Amino acid sequence: MTYHEAVEKVAGELKKEGFGVITSIDVKYNMKQKIGAVVNPYIILEACTPQIAHRALTAEPELGLLLPCNVVVYTDPDGHTNVSFFDPIVMSAIISNPALKPVGEEVKEKYDRVFKAIG
């Protein structure tokens with residue numbers, strides 16, 4: 001699918017899993033505006049599901065350093081569209097708190113369903 005189709009599809013599938021895209025960062029636009037660099041299309045979607053975020057922050061206030069969950073959609077030099085998700089299991093390795101493991105696993109399951117849906 002095209003870059004723009006992927007951005008729309010990812011946002012829609014995240015919504016189905018209870019995530020809201022709270023902001024997006026158009027890296028291509030910002031690089032051009034800030035430093036005059038020309039880069040391929042690249043967007044960072046900052047996604048959040050309030051219920052899970054609340055549980056995670058209640059268990060570990062320092063987790064705010066890793067929130068929201070980022071998803072990137074970009075076009076590589078060959079023109080292929082790529083979608084990448086932050087691995088939420090990593091948060092329990094970065095912040096050593098066993099209470100975060102089930103939260104990370106739940107988010108990973110949701111991300112896996114989004115990834116499968118976008119094909």
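The protein has five helices and four strands, and the coordinates discussed in these exercises belong to a predicted model.

**Exercise 1. The overall layout**

State in what order the elements of the protein run from the N terminus on, and describe the box and the buried share of the residues.

*Solution.* Begin with the order of the elements, which from the N terminus on is α-β-α-β-α-β-β-α-α. Next take the extent along the principal axes, where the C-alpha atoms fill a box of roughly 40 × 30 × 20 Å. Finally turn to burial: of the 119 residues of the protein, 34% count as buried, the cut-off for this class being under 20% relative accessible area.

**Exercise 2. A network of salt bridges in helix H1**

Work out how Lys9, Glu13 and Lys16 are linked, and classify each of these residues as buried, partly exposed or exposed.

*Solution.* Take the pair Lys9 and Glu13 to start with, whose side chains meet in a salt bridge with an N to O distance of 3.4 Å. These two residues are four apart in helix H1 (residues 3-16), and therefore about one helical turn separates them. Then consider Lys16, which also forms a salt bridge with Glu13, the closest N and O atoms being 3.1 Å apart; here the two partners, both in helix H1, are three residues apart, again about one turn of the helix. Since Glu13 takes part in the bridge to Lys9 and in the bridge to Lys16, the three residues are linked in a network of salt bridges.

For the classification, Glu13 has a relative accessible area of 10% and is buried, whereas Lys9, at 32%, is partly exposed, and Lys16, at 65%, is exposed.

**Exercise 3. A salt bridge between distant parts of the sequence**

Explain which parts of the protein are tied together by the pair Lys110 and Glu17.

*Solution.* Establish the contact before its context: Lys110 forms a salt bridge with Glu17, with the closest N and O atoms 3.8 Å apart. Lys110 lies in helix H5, while Glu17 lies in the loop between H1 and strand E1 (20-26), so the pair ties together parts that are 93 residues apart in sequence. Both Lys110 and Glu17 are buried. The count for the model comes to seven salt bridges, and the bridge of Lys110 and Glu17 is one of them.

**Exercise 4. The cavity and its lining**

Determine how many cavities of 30 Å³ or more are counted, and characterise the lining of the largest cavity by its elements and by residue class.

*Solution.* The count comes to one cavity of 30 Å³ or more, and the largest cavity has a volume of about 120 Å³. Of the 15 residues that line the largest cavity, Ile52, Leu67, Cys69, Met91 and Val107 are the closest to its centre. Sorting by element, strand E2 (42-48), H3 and helix H5 (100-118) each supply at least two residues of the lining, and H3 gives the most, with three residues. Sorting by class, the lining has 14 nonpolar residues, one polar residue and no charged residues.

Leu67, which belongs to this lining, is also joined to Pro68 by a cis peptide bond, with omega about 0°. Pro68 itself is found in the loop between helix H3 (50-59) and strand E3 (69-75).

**Exercise 5. A nonpolar surface patch**

Identify which residues make the nonpolar surface patch, and place Val90 within the protein.

*Solution.* Phe86, Val90 and Ile94 make a nonpolar surface patch of about 230 Å². Val90 is found in helix H4 (residues 90-94), and with a relative accessible area of 32% Val90 is partly exposed.

Note on methods: Residues numbered from 1 in each chain as written. Predicted model: local features only at pLDDT ≥ 70, side-chain atom pairs only at ≥ 80, totals over all residues. Heavy atoms only, no water. 1 Å grid on protein atoms, 1.4 Å probe; cavity = no way out; pocket = protein on both sides within 12 Å on 5 of 7 lines; lining within 4 Å. Points joined across faces, edges and corners; volume = space filled by probe spheres on them. Nonpolar A, V, L, I, M, F, W, Y, C, P; charged D, E, K, R; others polar. Patch = residues over 30% accessible without salt bridge, like charges linked within 9 Å, V, L, I, M, F, W, Y side chains within 5 Å. Areas by Shrake-Rupley, 256 points an atom, 1.4 Å probe, with all protein chains shown as cover. Salt bridge = Lys/Arg side-chain N within 4 Å of Asp/Glu carboxyl O. Buried < 20%, exposed > 50% of the residue type's maximum accessible area, 1.4 Å probe, protein only.
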